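Please find below my note on the model you sent, set out as numbered points for your own checking.

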Amino acid sequence: MRELALRKLLPHTVAGFAGGVVLLAVIVGILWLVGGYRVDGLNTGVPWFRELLLVGLLPGVIEEIISRGVLYRIVEDRWGSWIALVFSAVMFGLMHAGNPNATLWSCIAIAIEAGLLLGILYTVTRSLYVCIGLHMAWNFMEGPVLGTPVSGIELQSLLQGSLLGPHWLTGGAFGIEASLVTVGLMGGLSVGLMAYAQRRGLIRPWPTREQRAMDWHAD
């Protein structure tokens, strides 16, 4: 699988991780500017290695392999990139339906902001490492560093952060993944990447009837 080629492991993971850090810093920075995020203190006793492993690496690897490495690829082979993008995003949102403080809106928000963004990022790069790196950075920065809930889950963190204001702004108990700021920014970024992928011919079209028949026959 070229999506997991070893030559891509370090540079693509680092690039994805850096992108995730920047993206989260921008979102939290916006919330801080409008009074939606506040730091109340500092905690130096965070078990960094455990948090990076359990909050960042494991969810990043497992969820990306399932969502983009398996679901996306299977659907794309049958029905093209657009259907795969929507399907994998919806399933990604549903994967978080059982999280603490999850609501219908939080599932929709995650599908739009993360499911679409990670899906189109995979479409553009054809690399799972980029998606894993971004996913890792998001979870790790959101919880153990900045002190906001990670998809509704409260964690020990370096900064004792508080989310202040209406739920539409902060995401409430579920965290900033349910914030309209996050949905708007990441959704807009996804649309931009979709336009780029379309211009560069990176979107695989809906297979013709003959192509689908050949694929089913080969199976």
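The points that follow take the helices in turn, then the loops and the cysteines.

1. The coordinates under review are a predicted model, and each value quoted here was computed from them.

2. Helix α1, which covers residues 6–33, has a length that can be checked against its residue count. With 1.5 Å a residue, its 28 residues should span 40 Å, and the end C-alpha atoms lie 41 Å apart, so the two figures agree. The helix nevertheless carries a kink of about 30°, centred on H12, and the residue G35, just after α1, takes a positive phi of about 85°.

3. The buried residues of α1 are K8, T13, G16, G20, L23, L24, I27, V28 and L31. Their cover is drawn from several parts of the chain and includes the strands β1 (37–42) and β2 (159–163) together with the helices α4, α5, α6 (167–170) and α7 (180–199). As a general reminder for reading such a list, an α-helix has 3.6 residues a turn, so residues three or four places apart point the same way.

4. V14 belongs to α1 as well, but it is partly exposed, because its relative accessible area of 48% falls between the 20% and 50% limits. The C-alpha atom of V14 is separated by 7.7 Å from that of V130, although the two residues are 116 residues apart along the chain.

5. Helices α2 (residues 48–79) and α3 (residues 81–94) pack at an angle of about 145°, with 8 Å between their axes, and the crossing of α2 past α3 is right-handed. On the α2 side the contact is made by E63, E64, S67, R68, L71, Y72, V75, E76 and W79, and on the α3 side by S81, I83, A84, L85, F87, S88, M91 and F92.

6. Helix α4 (residues 104–125) passes the length check too: at 1.5 Å a residue, its 22 residues should span 32 Å, and a separation of 30 Å between the end C-alpha atoms agrees with that. A bend of about 30° is found at A111. Of the 22 residues of α4, 16 are buried, so this helix is largely enclosed by the rest of the structure.

7. Two loop residues deserve a look at their backbone angles. N101, in the loop between α3 and α4, has a positive phi of about 65° although it is not a glycine, and R126, in the loop between α4 and α5 (128–145), likewise has a positive phi, near 50°, without being glycine. R126 is the residue that follows α4.

8. Are these two loop residues, N101 and R126, buried or exposed? N101 is partly exposed, because its relative accessible area is 45%, which lies between the 20% and 50% limits. R126, by contrast, counts as buried, because its relative accessibility of 8% is under 20%.

9. Finally, how many disulfides does a search of the whole structure find? The count is 0. In general, a disulfide is a covalent bond between the sulfur atoms of two cysteines. As for the surroundings of the cysteines, C107 counts as buried because its relative accessibility of 11% is under the 20% limit, and C131 is buried as well, with a relative accessible area of 0%.

Technical notes. Residues are numbered from 1 along each chain as its sequence is written. This is a predicted model: local features need pLDDT of at least 70, side-chain atom pairs count only at pLDDT 80 or more; totals for chains, interfaces and linings use all residues. Side-chain values use heavy atoms; hydrogens and water are left out. A disulfide is a pair of cysteine sulfur atoms within 2.5 Å. Buried means under 20% relative accessible area, exposed over 50%, partly exposed in between (1.4 Å probe, protein chains only). Helices (H or I, at least four residues) and strands (E, at least two) are DSSP runs, numbered from the N terminus. The expected span of a helix is 1.5 Å times one less than its number of residues. The bend at a residue is the angle between axes fitted to the seven residues ending there and the seven starting there. Axes are lines fitted to C-alpha atoms, for helices over the stretch in contact, and angles run from 0 to 180 degrees between N-to-C directions. A crossing is left-handed if the near helix is turned anticlockwise from the far one by less than a right angle, and right-handed if clockwise. Contact means heavy atoms within 4.5 Å.
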